[in-house]
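I opened this entry to keep track of what I looked up, one topic at a time, before going back to the bench.

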Amino acid sequence: MSTATPAPPMIKAAAVNKHFGDLHVLKDIDFEVPKGQVVVILGPSGSGKSTLCRAINRLEPIDSGEIRIDGKPLPAEGKALAALRADVGMVFQQFNLFAHKTILENVTLGPTKVRRVSAEEARKTAMELLDRVGIANQAQKYPAQLSGGQQQRAAIARALAMRPKVMLFDEPTSALDPEMVQEVLDTMTELADDGMTMLVVTHEMGFARRAAHRVVFMADGEIVEDTTPDEFFTAPKSERAKDFLGKIL
Ligand code: ADP
Ligand code: MG
């Protein structure tokens, strides 16, 4: 009866190349994040993980190859690009909250300005999301009045307020004091359990083992391994992965 084609992956990168001057930072990158999967990117510093994340929502142009989000090629500019960015939530190492706006305002700003949601609706959704990440009681405060862990959870709520199809996290816990890392990882784990599609760059191996469906290991701009967490941590194939794990575990 139905001749439904399979759903496209949420993120698909095909033969992506990127240079910074003479430096070849992304070398023929091919990978997919299927809907509902959590993919963790691991790799040494300088291997191109952040550049790949930035390329995925076009904060960074690529030299060749193609990136598709939910089956659609990345638009170069204009309204289509704004819409794509709204589909891809991004959380960085630095929380990047607006310092002169309250936590609630930080979360309602995008939906009212970009998604054209009414102020009342945006407020209601924002309070639900702040509750979900455990900081509803901080809504009227300014970012500087919150701990780093609370600020990062606010940044996650802000990204979720845009109703993204996929969430990218680039070392979301690297700037946090150690005692705050777990609360942010717990928030991310809950999001994963709810079925959110996620691409996560992290050095938190516990999170990778527990939450990831797949581990993508990058080194020198290449994807060296793309496998299950179990396989990666117990039987890494490449010397570079063995070397990396030897240093980090
Ligand atoms: P990772 O996130 O894995 O640490 P990055 O993607 O940040 O790696 O960087 C990959 C390489 O590209 C590094 O050698 C870095 O110094 C270089 N690089 C990153 N951004 C720029 C830039 N805007 N201009 C020039 N070189 C850059
Ligand atoms: Mg990085």
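I began with a single pair of residues and found that V40 has V200 as its bridge partner in β8. Looking at the strands around that pair, I noted that β3 (residues 38–42) and β8 (residues 197–201) run parallel and are joined by 4 bridges. I keep in mind throughout that this is a predicted model.

Next I looked up the sheet to which these strands belong, and I wrote down an open sheet of 6 strands, in the order β6-β7-β8-β3-β9-β10, whose pairing is mixed. I then asked myself why β6 (88–91) and β10 (222–227) each have one side without a neighbour in the sheet. They stand at the edges, and each has a single partner strand, so one side of each is left free of a neighbour there. From one strand to the next, the twist averages 15°. I also checked what packs on this sheet, and I recorded helix α2 (residues 78–87), which touches β6 and β7 (166–170) and whose direction makes about 60° with that of β6.

I turned to the other sheet on my list, an open one in which 4 strands follow the order β2-β1-β4-β5 with antiparallel pairing. Its edge strands are β2 and β5 (72–73), each of which pairs on one side only. Within this sheet I looked up β1 (residues 11–20) and β4 (residues 64–69), which run antiparallel and are joined by 5 bridges; as one entry for that pairing, I noted I69 in β4 as the bridge partner of I11. For the helix here, I wrote that α1 lies across β1, β2 and β4 and runs at about 60° to β2.

My last topic was ligand 1, and I started with its surroundings, which are F20, L23, V25, P44, S45, G46, S47, G48, K49, S50 and T51. Sorted by class, this shell has 4 nonpolar, 6 polar and 1 charged residues.

Which polar atoms did I find beside an oxygen atom of ligand 1? A polar side-chain atom of K49 lies 2.7 Å from such an oxygen, a polar backbone atom of G46 is likewise 2.7 Å from an oxygen atom of the ligand, and for S50 a backbone N or O atom lies 2.9 Å from one. I then looked up the areas, and I noted that ligand 1 exposes 560 Å² when taken alone and that the protein buries 59% of that. The elements that give two or more residues to the shell are β2 (23–33) and α1 (49–56), and I closed the entry with α1, from which the largest share of the shell, 3 residues, comes.

Definitions and conventions: Residues are numbered from 1 along each chain as its sequence is written. Chains are lettered from A and ligands numbered from 1 in the order in which they are written. This is a predicted model: local features need pLDDT of at least 70, side-chain atom pairs count only at pLDDT 80 or more; totals for chains, interfaces and linings use all residues. Side-chain values use heavy atoms; hydrogens and water are left out. A residue is near a molecule or strand if one of its heavy atoms lies within 4 Å of it. A polar contact is a pair of N or O atoms within 3.5 Å; within protein, one must be able to donate a hydrogen and the other to accept it, and residues adjacent in sequence count only if both atoms are side-chain atoms. Accessible areas come from the Shrake-Rupley method with a 1.4 Å probe; for residues, only the protein chains shown count as cover. Ala, Val, Leu, Ile, Met, Phe, Trp, Tyr, Cys and Pro count as nonpolar, Asp, Glu, Lys and Arg as charged, and the others, Gly among them, as polar. Two strands pair if DSSP finds at least two bridges between them. Axes are lines fitted to C-alpha atoms, for helices over the stretch in contact, and angles run from 0 to 180 degrees between N-to-C directions. Contact means heavy atoms within 4.5 Å.
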